[in-house]
Amino acid sequence: MSATPDFPAPERLVIATRESRLALWQAEHVKARLEALYPGCRVELLGMTTRGDQILDRPLAKVGGKGLFVKELEAALLEERADIAVHSMKDVPMQLTEPFALPCISAREVPLDAFVSPRYASLADMPPGTVVGTSSMRRESQLHAQFPFLAVTSLRGNLDTRLRKLDEGQYDAIILAAAGLRRLGLADRIRAELPSEVSLPAAGQGALGIECLAKRTDIAAWLAPLNDADTSACVRAERAVARALAGSCEVPLGAYAEIRAGRLWLRGFVALPDGSRMVRAEREGDAADAEGLGLALAGDLRAQGAEDILARLG
Ligand SMILES: NCc1[nH]cc(CCC(=O)O)c1CC(=O)O
């Protein structure tokens, strides 16, 4: 369903977006797709700064987590200053609050993490004691578990800031989402894409989601052509894992689903940040039951001691 007798094509749509280069690229991308679908429609961007963009000196987990990137955008939706908000699904809290909905998840970019380094071609090439920068406990735990001889230190800021800190020599290598680098034309900085066996991605990584007020059924209809059924099923499964285990907390957790031969293949893990304990599970099932699969996988991880790991994170 797109423009229908019930919902004639839109005349004007306002997209609320963060103002980082990546967020603006993503909003422009959705704008271009909407303009192609609805040639008569004026699509405008409303740029805004979120708390997540302002607080750069502390780990996000300590100051309120993912919600910090969406609150201001949701306020714009509530006050009807904007019709939709475009998000990296990785940054969207697992539990959306009452008046909001995510009617559209578009086709995924490469979901993997990327190894970026001016000095080394891969993690395996890095000598003991060299320094990898990452701000995510998910990446940190997997690095410690597999490359215990490397030093892992915190890295915050938007993509350009992170790359600058690497180029200034504060780190020997950094790990970033491949999707962000590709979108910004920085794919040549990627020395290696880390296979999912080495770095299992975060729930929603590489996918864009479009949020609006749940009552705006007109918007849901207009966005329907941008929804990708496979990506949407995968991301729903991944988010169900994270929601069941972590709620809104930031924890070292990965959840990644792929469609293989028409079936949904879901993997997940929970770990201590230092990688000293890690539980993993995988499941395969019907994509139509994506959330059920996610919940079942969360149960598998619990049965192996995920609760105990989470309790230790305090
Ligand atoms: N947490 C910030 C963030 N949110 C989404 C992306 C990358 C793009 C994506 O996953 O869609 C990034 C940067 C990164 O993790 O390197």
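The five-strand sheet is an open one, ordered S7-S6-S8-S5-S9 with mixed pairing; strands here are DSSP E runs of at least two residues and helices are H or I runs of at least four, numbered from the N terminus, and two strands pair if DSSP finds at least two bridges between them. The model is a predicted one, in which local features need pLDDT of at least 70 and side-chain atom pairs count only at pLDDT 80 or more, while totals for chains, interfaces and linings use all residues. Residues are numbered from 1 along each chain as its sequence is written. At the edges of the sheet stand S7 (151–153) and S9, each with a single partner strand, so one side of each has no neighbour in the sheet.

Moving inward, S5 (residues 113–116) and S8 run antiparallel and are joined by four bridges, with Asp-113 standing opposite Ala-177 in S8. S5 also runs antiparallel to S9 (residues 192–193), this time through two bridges, and here Ala-114 faces Glu-193. Asp-113 and Phe-115 point one way from S5, Ala-114 and Val-116 point the other way, and all are buried; buried means 20 or more other C-beta atoms within 10 Å of the residue's own, exposed means 12 or fewer, and partly exposed is in between, with C-beta atoms placed from the backbone. The parallel part of the story involves S6 (residues 131–133), which is tied to S8 by two bridges; Gly-133 stands opposite Ile-174 in S8. Out in S7 sits Ala-151, which counts as partly exposed because it has 16 C-beta neighbours inside 10 Å. The C-alpha atom of Ala-151 is separated by 5.5 Å from that of Gly-129, 22 residues away along the chain.

On to the ligand. Around it are Ser-88, Lys-90, Asp-91, Leu-176, Ala-177, Ala-179, Gly-180, Gln-205 and Gly-206, where being near a molecule means having a C-beta atom, placed from the backbone, within 6 Å of it. Strand S8 (173–177) and helix H7 (178–183) are the elements that give two or more residues to this shell. By type, the shell splits into three nonpolar, four polar and two charged residues; Ala, Val, Leu, Ile, Met, Phe, Trp, Tyr, Cys and Pro count as nonpolar, Asp, Glu, Lys and Arg as charged, and the others, Gly among them, as polar. Domain 1 (12–107 + 207–227) and domain 2 (113–193) both contribute to the shell, so the ligand lies between them.

The chain's domain assignment also lists domain 3 (238–313), with bounds from an automatic or database assignment. The C-alpha centres of domains 1 and 3 lie 25 Å apart. Both give residues to the largest nonpolar core, so this core lies between them. A nonpolar core is a set of buried Ala, Val, Leu, Ile, Met, Phe, Trp, Tyr and Cys residues joined through C-beta atoms within 7 Å, and this one has 65 residues, with Ile-15, Ile-84, Ala-237, Val-241, Leu-245 and Val-270 making the most contacts inside it. Its largest share, ten residues, comes from H9.

Just past H9 (229–246), in the loop leading to S11 (253–260), is Cys-249. An unreviewed UniProt entry places the feature "modified residue: S-(dipyrrolylmethanemethyl)cysteine" there; such annotations may be inferred rather than shown by experiment, with feature names shortened and positions in the numbering used here. With 14 C-beta neighbours inside 10 Å, Cys-249 counts as partly exposed.
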